[in-house]
2 protein chains.
Amino acid sequence: MFNAAQYLDDSVDDTTLALAPPPSAASFALSVPKRSGNACSNCPVRATCMPETLTPSELARLDSTICSTRTVRRGESLYRANDTFQSVYAVRLGSFKTVVMHRDGREQVTGFNLAGEMLGLDGVHTDRHSCDAIALEDSSVCIIPFSVLEGLCHDMKSMQQHVHRMMSGEIVRESGLMMLLGTMTAEQRVAAFLLNLSQRLKTRGYSAAEFNLRMTREEMGSYLGMKLETVSRMFSKLHKDELVETHGKQIRIVDFEGLALI
Amino acid sequence: MFNAAQYLDDSVDDTTLALAPPPSAASFALSVPKRSGNACSNCPVRATCMPETLTPSELARLDSTICSTRTVRRGESLYRANDTFQSVYAVRLGSFKTVVMHRDGREQVTGFNLAGEMLGLDGVHTDRHSCDAIALEDSSVCIIPFSVLEGLCHDMKSMQQHVHRMMSGEIVRESGLMMLLGTMTAEQRVAAFLLNLSQRLKTRGYSAAEFNLRMTREEMGSYLGMKLETVSRMFSKLHKDELVETHGKQIRIVDFEGLALI
DNA sequence: CGCAGATTTGACATTCTTCAAGCCCAGTGG
DNA sequence: CCACTGGGCTTGAAGAATGTCAAATCTGCG
């Protein structure tokens with residue numbers, strides 16, 4: 001049985017935000033696009049990006065229709081706002097941020113995407129992407145042409161439900177974030193952010209208590225609606241109150257309950 | 001040809017936020033649920049809540065499967081957070097707010113829904129609704145059981161695309177709101193809110209310049225991430241700067257460009 | 001007409017941002 | 001090996017934006 005955690009067994013750093021390239025990364029250094037070795041039936045993150053219950057024949061169909069992957073180096077974009085929408089992407093390895101830009105140059109990070117999470121659904125609405133997706137570290141994604149996905153949805157009830165759930169889940173996630181931005185103090189936002197990240201990492205088999213942040217204070221601040229200095233101050237305060245320990249990007253949550261009660 | 005505007009012809013108030021009940025409202029005072037007189041083929045808001053291109057036979061199918069409506073009085077809820085999810089709703093008449101509640105009692109308005117807009121898609125994710133939907137005025141909705149909608153999606157490609165677009169549109173809308181909450185000043189938020197509302201009303205055949213707000217300052221503030229006093233001050237400021245004229249809930253946008261440039 | 005809730009406005013408190021300075025740390029080149 | 005350097009991070013002080021509290025209107029409705 002494959003699971004995300006196994007890829008960390010002998011990883012240099014087991015507290016990264018997302019799946020770190022293992023020492024054998026060469027075998028994953030996929031050319032763009034590449035066909036072999038990327039079968040869904042084999043994929044460590046399938047459980048999160050595809051329906052849970054698939055028959056062998058359905059799995060075989062996935063393997064035969066979704067087959068190309070792409071690597072994106074740190075800082076490069078997977079897609080840009082206004083690009084024509086053709087595919088959605090499942091993060092196989094690494095992590096991304098999504099960014100929307102205002103005409104006056106202000107930009108806001110609207111989300112962080114870890115391995116197993118889906119990316120690009122914003123483009124369905126108008127056939128163009130509404131944000132930039134940028135890799136926070138060297139990453140790879142599975143390319144799922146949306147037309148193919150629509151076909152799968154038609155033929156597989158479980159797939160249609162899954163796609164609907166993913167989109168709805170994105171809606172729910174965002175309304176949670178609106179709540180955060182609309183009603184919480186800076187300290188509460190940072191606490192909620194850490195707990196959320198912790199939860200998602202735990203789901204993927206990582207320690208919920210210790211991890212490395214892959215984004216800068218500025219990116220975090222943009223996501224949370226505050227300045228990088230404020231983020232930094234809040235980390236200091238959480239440290240002083242003995243709720244978390246921080247060494248730069250390295251995070252250790254000491255008191256989960258305390259953090260939740262802020 | 002039906003269109004939303006005709007329902008306003010002899011309406012008491014042609015500047016309401018949403019479609020006001022016309023004098024002949026009695027014929028719309030639908031019992032719950034009611035079957036006749038609510039055919040999609042006849043519906044003034046079909047253009048916004050259903051795919052644009054439907055064959056006569058597809059329309060006939062809609063009429064035969066989506067048939068019940070429900071009235072919701074001002075202040076009453078269409079559904080509550082944690083209700084089991086069964087249906088989505090299209091607003092036929094009136095307007096709603098959606099509200100998420102934090103455990104500590106803080107609540108946040110996450111959206112306002114006008115006639116023609118869809119409501120309830122948040123429930124797909126976990127089979128339970130994630131927010132309350134509350135009528136801002138006496139309203140009526142069309143009830144669309146989600147299982148029926150899934151069936152329609154399977155059989156009608158245009159319906160599947162439409163549902164995907166609606167959900168994606170919701171995602172995009174929310175990320176725009178995150179941008180607003182994350183990067184804009186109070187004044188900019190209020191301006192953006194008014195312009196957004198104006199645009200949506202215009203789409204429905206109303207004046208873009210003059211309308212009545214259906215929500216309180218507090219609800220607006222909750223939506224925009226600020227206190228009601230701040231909303232009020234911003235209205236005063238916009239008035240002083242001769243960008244809008246306000247008389248309580250009555251709004252007249254004087255200078256669209258100025259408003260957009262704030 | 002008179003109340004209850006909604007709105008406006010003022011004065012003051014708090015939170016967050018801005019600006020500025022210095023620190024830390026990893027990668028680089030001597 | 002080590003100083004150097006630049007980006008990211010932390011911290012302080014001052015200022016701006018927004019929240020809080022309180023009081024005075026206003027408005028719709030019974």
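**Stop 1: DNA strand D**

Start by selecting α7(A), which gives six residues to the surface near DNA strand D, the most of any element. Keep in mind as you look around that this is a predicted model. Now bring up the residues around the strand: there are 19, and those that come nearest are T216(A), R217(A), S232(A), S236(A) and T230(B). Which elements give two or more residues here? Select α6 (217–224) and α7 (228–240) of chain A, then add α7 (228–240) of chain B. If you colour this surface by class, you should find four nonpolar, eight polar and seven charged residues.

**Stop 2: DNA strand C**

Hop over to the other strand. Around DNA strand C there are 19 residues, with T230(A), T216(B), R217(B), S232(B) and S236(B) coming nearest. The elements giving two or more residues to this surface are α7 of chain A, plus α6 (217–224) and α7 of chain B. Which element gives the most to the surface near DNA strand C? Pick α7(B), with its six residues. Colouring by class here gives four nonpolar, eight polar and seven charged residues.

**Stop 3: where the two chains touch**

Leave the DNA and show both chains. Their contact takes 33 residues from chain A and 33 residues from chain B. On the chain A side, click through β5 (107–113), α3 (146–155) and α4 (157–183), each of which supplies at least two residues. Linger on α4(A): its 17 residues are the largest share of the side of chain A that touches chain B. That side of chain A has 12 nonpolar, 15 polar and six charged residues.

**Stop 4: chain A on its own**

Hide everything but chain A. You're looking at eight helices and 11 strands. Of the 262 residues in chain A, 47% are buried. Try drawing contacts in chain A between residues at least 6 apart in sequence: 71% of them join residues at least 24 apart.

Next, colour chain A in two parts, with domain 1 covering 4–181 and domain 2 covering 185–261. Where they meet, 20 residues of domain 1 of chain A are in contact with 17 residues of domain 2 of chain A. On the domain 1 side, β5 and α4 of chain A are the elements that give two or more residues. Of these, select β5(A), which gives the most, with four residues. By class, that side of domain 1 of chain A divides into 11 nonpolar, five polar and four charged residues.

**Stop 5: into the core**

Time to go inside. The largest nonpolar core has 144 residues, and Y89(A) and Y89(B) have the most contacts inside it. Zoom in on Y89(B). What is Y89(B) in contact with, leaving aside its neighbours within four places in sequence? You can pick them out in order: L78(B), L119(B), G120(B), V141(B), C142(B), I143(B) and I144(B).

**Stop 6: a helix in chain B**

Select residues 186–203 of chain B to get helix α5. Put a distance between its end C-alpha atoms and you should read 26 Å; at 1.5 Å a residue, the 18 residues should span 26 Å, so the two agree. Several residues of α5(B) are buried: R189(B), V190(B), A191(B), L194(B), L197(B), S198(B), R200(B) and L201(B). Helix geometry helps when you look down such a list: with 3.6 residues a turn, residues three or four places apart point the same way. Just along the chain, α5(B) is followed by G205(B), whose phi is positive, near 90°.

**Stop 7: two loops to finish**

Go back to chain A and find the loop between α7 and β10 (244–247), where E242(A) sits. E242(A) has a phi near 60°, a positive value in a residue other than glycine. Is E242(A) buried or exposed? It has 10 other C-beta atoms within 10 Å, and 12 or fewer counts as exposed, so E242(A) is exposed. In this loop you'll also find D241(A), which counts as partly exposed because it has 14 C-beta neighbours inside 10 Å. Draw a line from D241(A) to K202(A): the pair are 39 residues apart along the chain, and their C-alpha atoms are separated by 24 Å.

For the last pick, switch to chain B and look between β6 (118–119) and β7 (132–135), where the loop holds D127(B). Phi of D127(B) is positive too, near 65°, in a residue other than glycine. D127(B) counts as exposed, with 12 C-beta neighbours inside 10 Å.

Definitions and conventions
Residues numbered from 1 in each chain as written. Chains lettered and ligands numbered in written order. Predicted model: local features only at pLDDT ≥ 70, side-chain atom pairs only at ≥ 80, totals over all residues. Near = placed C-beta within 6 Å. Nonpolar A, V, L, I, M, F, W, Y, C, P; charged D, E, K, R; others polar. Contact = placed C-beta atoms within 7 Å. Expected span 1.5 Å × (residues − 1). Buried ≥ 20, exposed ≤ 12 C-beta atoms within 10 Å, placed from the backbone. Domains from an automatic or database assignment. Core = buried A, V, L, I, M, F, W, Y, C linked by C-beta atoms within 7 Å.
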